[in-house]
Amino acid sequence: MSQEKLRFFTLSFLLILSPALCRFVVEKNNLKVTSPDSIKGIYECAIGNFGVPQYGGTLVGTVAYPKSNQKACKSYNDFDISFKSKPGGLPTFVLIDRGDCFFTLKAWIAQQAGAAAILVADNKAEPLITMDTPEEDKSDADYLQNITIPSALITKSLGDSIKSALSGGDMVNMKLDWTESVPHPDERVEYELWTNSNDQCGKKCDTQIEFLKNFKGAAQILEKGGHTQFTPHYITWYCPEAFTLSKQCKSQCINHGRYCAPDPEQDFTKGYDGKDVVVQNLRQACVYRVMNETGKPWVWWDYVTDFAIRCPMKDKKYTKECADEIIKSLDIDLKKVDKCIGDPDADVENPVLKAEQESQIGKGSRGDVTILPTLVVNNRQYRGKLEKGAVLKAMCSGFEESTEPAICLTEDLNTNECLENNGGCWQDKAANITACWDTFRGRLCECPTVQGVKFSGDGYTHCKASGALHCGINNGGCWRETRGSYTYSACVDDHSNGCKCPLGFKGDGVKSCEDVDECKEKKVCQCPECKCKNTWGSYECRCKNGLLYMREHDTCIGSNKVGTTKLSWSFLWFLIIAVGVAGLSGYAAYKYRIRRYMDAEIRGIMAQYMPLESQPNPRGPHMDI
C-alpha cells in the first residue's frame, strides 16, 4: 500500500473514529406494564431514531408475540399474520426479537401488518442502545420516511418476562409514555439543529434539505413570536498534526487542519472537497450570527433553503459567488459575513468554528453530538424521523402546559380532549362557557375569565362568576325573568357576589324568585279609603271617593288639600319672583347713582386745567388788530 493511500485511510479512520469515542446518550421513555401482576411495573426503554415517537403523550396497547417470523425480517403476509385491531379493541404492540435485519425494516414490516408500535427485545444482556437508521444508501430504503409508528428497544430480561407471560396465557397490557422525554420547564423552547450544507451524502442529505424547506415556515412563526430560541450548529473534525501538510488534509480542512469535513463524493479526485463544505458551513453559521445581532435570526432559514435550491453541487454552483448573491438578495450585511468567516487559509483559529467544536461536547443530559443531522430540544436529543409533524410534536412537548402557541394545537398535532364530554370539566351551556382548556399534553379544568369577569371554583363541578360586572355573564348565575316590558334580576352587580331577590320578590335568588303579594300580606295600602291590587313585582293602590293616594305616607288625601297645596306653592313662587324683581331694581338704581357721582368728579378735575364750554371765559373775546 502506498504512503498516500495509507494517509488517506488513516485520516478517514480518524474522522470516523473521533465521534465514536464520544459520550453518546441513549434517549429513553417509560414503559408501564399494567397486567399481568407478575410483571406489573415501570420500565425504561430506548427510543428508536426513526418513526414518530409520541412526544408529550402516551399510547396504550396490548402486546402480541407471533409464533412465526419473530424477528420480523419477512412480510407477515407470508405467514397470514395481522396485527390490526378490531373495533373497540386496544392497539397492538408487536414484540420482535433483535437480529438478522435492520431495526427500521422490522418496524416497516410490523407497521404494514397493522402494528401500532414495536418493542424490540435485545438478544443479549447489556445496557440499552439507540436503534438507528442504516448508514447504507440503498434505493430500496425509501420505506424509511414512511415509518410512522413509534419503536422502543427493551432489555433482554423484560423481553423474556413478557414472552413467559404470553406463553402462560396471560394478556400483557402496557402504556408507552413519552410525557417526560422532553423537559418542559417554561413557555419558551430552546432547540438547536446540527446540520450540514453538503447535498451529496445521499438520502440523509435529501431528507435534511427537504426538512429545512418544509419546517421553515413553522420555525419562523415560532421564532418571531418569541416562543422559541433556535441555534444552528455544524460538526467539524480536526486533522492530526502529523498529517496537516498532506494532500488529503489540505483538501478536506481549512486553517491548517483545524477544521475538517469528509469529502462530499468520498472521492478526492473529483468534485468538491471537504474544505468547500467547511467554508459553506462556516458561511451559514456567520449568516446566523450576523442576523441574530440584528434581532432577525429567522432569516437563517431563508438563506439555507435558498442556498440549497440555487447553489447545488450537482450544478457546479456550490460557490462563494452564488452564496453572496443570496446574501445580498436577503439584505444581509455581506461585509460582516466575510469578516466573520475570516481567512480559511490562515494558520489561526477561527472563533466561530472553535465554538462549534466545543459545543459538540455534551453537557448535562444531552450527550455529545455525533450524528448528522441531530436535533436537540431543551437539551435533549430528538429521536425519530426528521419530518415537520414529528419534530413539531417534540418541540410542542417542550412547552410548559397551557403556554404552548396555537401552532401546537392544530388538528394534525393535537387531539382536542375538550370536544368529548367537555373533557369532564364544568360547563355552562346556556352561556357557552367552559372550564376545559385544551393543551398539547391533554386538557386542564380551570375556571375561566370571560370579558374581564373571573370565575372561581374547582373547574370540574363548579365555577361561579365573581367580582364587579359579574352580572353581565349569564346574570351571575342568578334568577332573572321578563314579563311584558318588565325585567327583574336577583344578581347584585357589586363585590358581594350574591344572588338576592329584588324588592317585591322572595326566594333563594338562584333558581327562583316569587312575587310577594303585598295586598294579601297587608304590608301596604292599608288606609281605610285604600283599595289594594297586587301586580308582578309591585302593587297598585287606589283611593275611594276621588281621594288621591300618597305612596310615601301610605294614605289618601282630599282634593281640597291638594288645591291648598297647589295655592301655597303658587304664592311661594310669586314671592320668590317678586323678591328677585325688587333686587334687580335696587341694583339698577345703585349703579345709576354711582355713575352720576363719578361723572361729577371727573368734570371737576378737568375744569381745573381747561375751560369747559358751559363756563364763561374770564378774559373775554380776543381779536387781533
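**Entry 1: a small sheet**

I looked up Ser456 and found it opposite Lys464 in β20. The model I am reading is a predicted one. Ser456 led me to the pairing of strand β19 (residues 453-457) with β20, which is antiparallel and runs over four bridges. I then asked in what order the strands of this open sheet lie. The order is β18-β19-β20, three strands with antiparallel pairing. The edge strands are β18 (449-450) and β20 (463-466), each of which pairs on one side only. I noted the background too: strands of a sheet pair through backbone hydrogen bonds, either parallel or antiparallel.

**Entry 2: a hairpin and its charges**

Next I went to β25 and strand β26 (residues 538-543), which pair in the antiparallel sense over six bridges. Across this pairing, I found Cys532 opposite Cys541 in β26. The two strands, β25 and β26, make a hairpin with two residues between them. In the turn I checked Gly537, and its phi is positive, about 85°.

I also looked for charge on the surface here. Lys531, Lys533, Arg542 and Lys544 gather there in a patch of positive charge. I placed Lys531 in strand β25 (residues 530-535). Is Lys531 buried or exposed? Lys531 counts as exposed because its relative accessibility is 57%, and the cut-off for exposed is over 50%.

**Entry 3: a nonpolar patch**

I searched the surface for nonpolar side chains as well. Tyr587, Tyr590, Ile594 and Met598 form a nonpolar patch, with about 450 Å² of accessible area together. Met598 sits in helix α12 (residues 559-607). I read a relative accessibility of 45% for Met598, so Met598 counts as partly exposed.

**Entry 4: salt bridges**

How many salt bridges does the structure hold? I noted 17 salt bridges. The general idea is that side chains of opposite charge can pair when their charged atoms come close.

I took up Asp122, which forms a salt bridge with Arg98; their closest N and O atoms are 2.9 Å apart. Asp122 lies in the loop between β5 (117-121) and β6 (151-154), and Arg98 in the loop between β4 (92-97) and α2 (103-112), so the pair ties together parts that are 24 residues apart in sequence. Asp122 and Arg98 are both buried.

Arg98 came up again with Glu126: these two form a salt bridge, with the closest N and O atoms 2.9 Å apart. This pair links distant parts of the chain, 28 residues apart, with Glu126 in the loop between β5 and β6 and Arg98 in the loop between β4 and α2. Glu126 has a relative accessibility of 26% and therefore counts as partly exposed.

I then checked Arg310 and Glu325, whose side chains meet in a salt bridge (3.9 Å, N to O). Arg310 is in helix α7 (residues 299-310) and Glu325 in helix α8 (residues 320-329), so this pair ties together parts that are 15 residues apart in sequence. Arg310 is partly exposed because its relative accessibility is 36%. Glu325 is partly exposed too, with a relative accessible area of 49%. Going back to the earlier residues, I noted that salt bridges with shared partners join Arg98, Asp122 and Glu126 into one network.

**Entry 5: two residues far apart in sequence**

I looked up Lys250 and found it in helix α5 (residues 247-252). Lys250 has 48% relative accessibility, so it counts as partly exposed. Lys250 and Asp345 are 95 residues apart in sequence, and I read 9.6 Å between them in space, C-alpha to C-alpha.

**Entry 6: backbone exceptions**

I ended with backbone angles. Most residues other than glycine have a negative phi, and most peptide bonds are trans. Which peptide bond did I find to be cis? The bond from Ser35 to Pro36 is cis, with omega near 0°. Pro36 lies in the loop between β1 (28-35) and β2 (41-47).

For Asn421 I read a phi near 55°, a positive value in a residue other than glycine. Asn421 is in the loop between α11 (388-396) and β14 (427-428). Asn421 counts as exposed because its relative accessibility is 68%.

Asn432 also has a positive phi, near 55°. I found Asn432 in the loop between β14 and β15 (433-434). With a relative accessible area of 70%, Asn432 is exposed.

How values were computed
Residues numbered from 1 in each chain as written. Predicted model: local features only at pLDDT ≥ 70, side-chain atom pairs only at ≥ 80, totals over all residues. Heavy atoms only, no water. Patch = residues over 30% accessible without salt bridge, like charges linked within 9 Å, V, L, I, M, F, W, Y side chains within 5 Å. Areas by Shrake-Rupley, 256 points an atom, 1.4 Å probe, with all protein chains shown as cover. Salt bridge = Lys/Arg side-chain N within 4 Å of Asp/Glu carboxyl O. Lys, Arg positive; Asp, Glu negative; His and termini not counted. Charge placed at Lys NZ, Arg CZ, Asp CG, Glu CD. Buried < 20%, exposed > 50% of the residue type's maximum accessible area, 1.4 Å probe, protein only. Pairing = 2+ DSSP bridges.
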